[in-house]
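Colleague: Please take one part of this model and go through it closely, strand by strand. I would like to see how the pieces connect.

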Amino acid sequence: MNTPAHTADPIADDWQLPWEGGCRCGQVRLRITAPPLLSMACHCTGCQRMSASAFSLSLAIPTPGFEVVSGEPVIGGLHGDSHHYFCPRCKSWMFTRTEGMDEFVNIRPTMLDRHEWFVPFMETWTDEKLPWAATPAVHSFAMLPDLEAFPALIQAYALEGARPSKA
Ligand SMILES: [Zn+2]
Ligand SMILES: [Zn+2]
């Protein structure tokens, strides 16, 4: 589905694309033009540290539909196979690219100017979650799901995942 968002593309319309977003200080701005593949919450202790909270939130965006339109994000976090990108000025954790998984970028949905519609569809690393932490995710995994589980998850999310309400 590479139809430009400005045409009457029913999928872009369904998701109210394109989306704009940015960091806390506004130096780094993002633009998303493709529907997300999945929405997630991750309870792992690494995400607890980096989010300074109980869990991180992600929207997996197909890479061709993701663009940094201003600012120069810098690598922070692990400095490993997962590249965690931050605003160089306000240090907001904005998105993650993972080596060997170049098809998608995991953005933090709270960077989107409109994100009140976001609901995590799946959650990972519940083995490490804070005892009180709960999300409305309909698929829960003690650690990460097997790679072969993803096509069915992506298909289910395309049908059932929460959408932005019509503006
Ligand atoms: Zn910033
Ligand atoms: Zn995590």
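Modeller: This is a predicted model. I will follow the run of strands from β6 to β9, and then turn to a helix residue that touches this part.

Start with β6, residues 74-76, and β7, residues 82-86, which run antiparallel and are joined by 3 bridges. One pair to look for is Val74, which stands opposite Phe86 in β7. The two strands form a hairpin with 5 residues between them, and Gly77 in that hairpin has a positive phi near 60 degrees.

On its way onward, the chain makes another hairpin, this one of β7 and β8, with 6 residues between the strands. In its turn, Lys91 takes a positive phi of about 65 degrees. Strand β8 covers residues 93-98 and runs antiparallel to β7, with 5 bridges joining them. Here His84 faces Thr96 of β8 as its opposite residue.

Thr96 also leads to the next strand, since it stands opposite Asn106 in β9. The strands β8 and β9 are antiparallel and are joined by 3 bridges. Their hairpin has 2 residues between the strands, and Gly100 has a positive phi near 85 degrees there.

Strand β9, residues 101-107, has a further partner in β4, residues 56-62; these two pair in the antiparallel sense over 4 bridges. Asn106 appears again in this pairing, as the bridge partner of Ala60. If you trace these pairs on the screen, you can step from His84 to Thr96, from Thr96 to Asn106, and from Asn106 to Ala60. As a general point to keep in mind while tracing, side chains in a regular strand alternate between the two faces of the sheet.

Now the helix residue. Met50 lies in helix α2, which spans residues 45-51. Leaving aside residues up to four places away in sequence, Met50 touches Ser56, Gly77, His84 and Trp93. Two of these names have come up already: Gly77 belongs to the hairpin of β6 and β7, and His84 is the residue opposite Thr96. Met50 can also be placed relative to Gly76: the two are 26 residues apart in sequence, and their C-alpha atoms are 9.5 Å apart in space.

Is Met50 buried or exposed? Neither label fits, because Met50 has 19 C-beta neighbours inside 10 Å and therefore counts as partly exposed; a buried residue would need 20 or more.

Definitions and conventions:
Residues numbered from 1 in each chain as written. Chains lettered and ligands numbered in written order. Predicted model: local features only at pLDDT ≥ 70, side-chain atom pairs only at ≥ 80, totals over all residues. Pairing = 2+ DSSP bridges. Buried ≥ 20, exposed ≤ 12 C-beta atoms within 10 Å, placed from the backbone. Contact = placed C-beta atoms within 7 Å.
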